[in-house]
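I opened this model to look up its pockets, its charged pairs and its nonpolar surface. My notes follow in the order I made them.

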Amino acid sequence: MQQDWGARLVPVVCEQCDWRYLLPAGSPAQLCPNCFQQELAGLDPAGELEPYPYPPELVLPFTLDEDKLAQAVVQFARNIPFAPKDLNPALLKQRLRRVYVPAWLVDAQVTAQFQAEVGFDYQAVSHREKYAGSSWQTQEVQETRIRWEPRVGRLQRPYQNVPAPALEVESRLQRRLGEFDQARAVAYEPVLLGQTFVHLPNRQPADAWSEALPGFQARAAEECRLAAEAQHIRDFRWSAAFAGQNWAQWLRPVYSTFYLDDEGRPRPVLVHGQSGRIDGERRASRRRAQTAAMWIGGFGVGLFVLAVLLGLAAYSLSSSLLALLAVLMVVLAFVLVAGALIPPLVVWRFNRRQAQRPD
Ligand SMILES: [Zn+2]
């Protein structure tokens with residue numbers, strides 16, 4: 001395996017989340033870049049890697065520049081009320097790790113019978129009546145319409161590099177970070193690995209096959225549309241047989257980092273290695289909100305005590321001006337004490353909204 005990859009790599013596993021990676025041999029002990037809760041432990045290469053011993057065919061390189069990466073991290077830390085102390089851009093940046101996440105690419109020879117409707121654009125002229133001033137005017141209107149024609153046929157074609165998920169979390173990953181552009185991938189070279197974690201697939205090709213089928217069908221439909229020189233295609237149906245499937249991997253670039261919440265638990269944050277899109281669970285800090293509440297409330301209580309003293313002074317001096325001031329201070333003190341509830345409430349609402357996110 002190591003010769004194929006052109007680099008000396010060792011398989012490692014996180015016993016907390018069961019994610020498996022390849023790392024350059026001799027790397028120091030590393031925290032798992034998925035959960036950041038456990039150090040990675042060595043795996044027996046012969047037993048554990050059996051289904052996926054091959055190097056990737058394509059790699060999408062990390063192309064996000066330093067500035068954009070820093071911007072993404074700053075953006076993430078912003079917009080969180082009472083963000084945890086540990087959530088600061090410098091720390092997030094310092095903890096960044098590079099991870100290649102895999103997906104399958106499958107080639108197959110397809111023999112199929114299909115039927116579909118193909119659509120051709122044409123210009124139609126119609127007339128519209130318009131009442132302007134005191135008379136009717138006829139306006140000529142050109143519009144594009146589609147003429148649909150049925151097609152049936154057979155096709156026998158090889159298709160290459162149709163994507164399929166190699167990870168259980170693939171659809172979640174795409175929802176969080178968006179798509180990865182296969183067209184920008186380059187042929188695998190060991191130099192592309194660097195100090196990057198290579199995540200090993202956790203879905204077998206047999207299991208991922210059904211999710212490759214829509215990709216084959218979309219390619220076939222597009223080819224039929226082109227062959228018919230049509231602008232549109234709809235209701236493409238086929239009965240297809242597949243042969244000679246060949247599976248390969250392609251690796252996509254993701255940065256991963258984390259911050260610690262109030263309880264000291266790591267909260268992972270991911271960044272797309274090309275677009276810079278960032279995603280992670282945003283947690284506001286209850287502890288910081290409570291501190292703010294104590295300051296505001298404490299100030300309110302202090303003001304109340306002052307107001308009482310001022311009230312007594314106003315009484316003994318029979319000063320209506322001082323009495324008025326004391327009343328105003330009491331009102332302000334009550335506003336502050338009530339306002340002390342706001343920070344914890346803001347944090348509670350923010351964290352609840354985050355917890356209700358679909359992911
Ligand atoms: Zn882990």
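**Entry: largest pocket**

I started with the largest pocket, which has a volume of about 590 Å³. I keep in mind that this is a predicted model. I listed 27 lining residues for the largest pocket. Nearest its centre lie Asn34, Arg172, Arg176, Pro268 and Leu270.

Which elements give two or more residues to this lining? I noted S5, helix H5 (170-177), S9, strand S10 (266-272), strand S11 (278-280) and helix H9 (342-355). S10 gives the largest share, with 4 residues. By class, I read 13 nonpolar, 5 polar and 9 charged residues in the lining of the largest pocket.

**Entry: second largest pocket**

I then turned to the second largest pocket, at about 230 Å³. It is lined by 13 residues, and those closest to its centre are Pro163, Ala164, Glu170, Gln174 and Arg252. Strand S6 (135-165), H5 and S9 each give two or more residues to this lining. H5 and S9 are also on my list for the largest pocket. The lining of the second largest pocket divides into 6 nonpolar, 3 polar and 4 charged residues.

**Entry: salt bridges**

How many salt bridges does the structure hold? I have 17 in the structure. I looked up several of them.

Asp86 pairs with Arg95, and their closest N and O atoms are 2.7 Å apart. Are these two residues buried or exposed? Both Asp86 and Arg95 are buried.

Next I took Arg234 and Glu117, whose side chains meet in a salt bridge at 2.9 Å, N to O. This pair links distant parts of the chain, 117 residues apart. Arg234 sits in strand S9 (residues 232-260), and Glu117 in strand S5 (residues 97-132). Arg234 has 35% relative accessibility, so I log it as partly exposed. Glu117 is at 23%, so it is partly exposed as well. S5 and S9 are both among the elements lining the largest pocket.

I also checked Glu149 and Arg151, which form a salt bridge with the closest N and O atoms 3.2 Å apart. Glu149 counts as partly exposed because its relative accessibility is 24%. Arg151 is at 31%, so it counts as partly exposed too.

One group goes beyond a single pair. Asp261, Arg267, Glu281 and Arg283 are linked in a network of salt bridges.

**Entry: nonpolar patch**

I looked for nonpolar surface and found a patch of about 820 Å². Its members are Val301, Phe304, Val305, Leu306, Val308, Leu309, Leu312, Phe334 and Val337. Which helices each supply at least two residues of the patch? They are helix H7 (286-317) and helix H8 (320-339). The largest share, 7 residues, comes from H7.

I picked Phe334 for a closer look, and placed it in helix H8. Why does Phe334 count as exposed? Its relative accessibility is 54%, and the class begins over 50%, so Phe334 is exposed.

**Entry: two C-alpha distances**

Val73 lies in helix H3 (residues 66-77). Its relative accessibility is 0%, so Val73 is buried. I computed 5.7 Å between the C-alpha atoms of Val73 and Pro89, which are 16 residues apart along the chain.

Arg282 is in the loop between S11 and H7. Its relative accessible area is 18%, and buried means under 20%, so Arg282 is buried. The C-alpha atoms of Arg282 and Gln204 are separated by 33 Å, with their positions 78 residues apart along the chain.

**Entry: positive phi**

I looked up backbone angles at two residues. Asp18 has a positive phi of about 65°, although it is not a glycine. I found Asp18 in the loop between strand S1 (9-13) and strand S2 (20-24). At 45% relative accessibility, Asp18 is logged as partly exposed.

Ser318 has a positive phi of about 50°, and it is not a glycine either. Its place is in the loop between H7 and H8, the helices that supply the nonpolar patch. Is Ser318 buried or exposed? Its relative accessible area is 64%, so Ser318 is exposed.

Terms used. Residues are numbered from 1 along each chain as its sequence is written. This is a predicted model: local features need pLDDT of at least 70, side-chain atom pairs count only at pLDDT 80 or more; totals for chains, interfaces and linings use all residues. Side-chain values use heavy atoms; hydrogens and water are left out. Patches are made of residues with over 30% relative accessible area and no salt bridge: like charges are joined within 9 Å, nonpolar side chains (Val, Leu, Ile, Met, Phe, Trp, Tyr) within 5 Å. Accessible areas come from the Shrake-Rupley method with a 1.4 Å probe; for residues, only the protein chains shown count as cover. A salt bridge is a side-chain nitrogen of Lys or Arg within 4 Å of a carboxyl oxygen of Asp or Glu. Buried means under 20% relative accessible area, exposed over 50%, partly exposed in between (1.4 Å probe, protein chains only). On a 1 Å grid over the protein atoms alone, a cavity is a set of points where a 1.4 Å probe fits but cannot get out, and a pocket is an open set with protein on both sides within 12 Å along at least five of seven lines; lining residues have an atom within 4 Å of a point. Grid points are joined across faces, edges and corners, and a volume is the space filled by probe spheres set on the points. Ala, Val, Leu, Ile, Met, Phe, Trp, Tyr, Cys and Pro count as nonpolar, Asp, Glu, Lys and Arg as charged, and the others, Gly among them, as polar.
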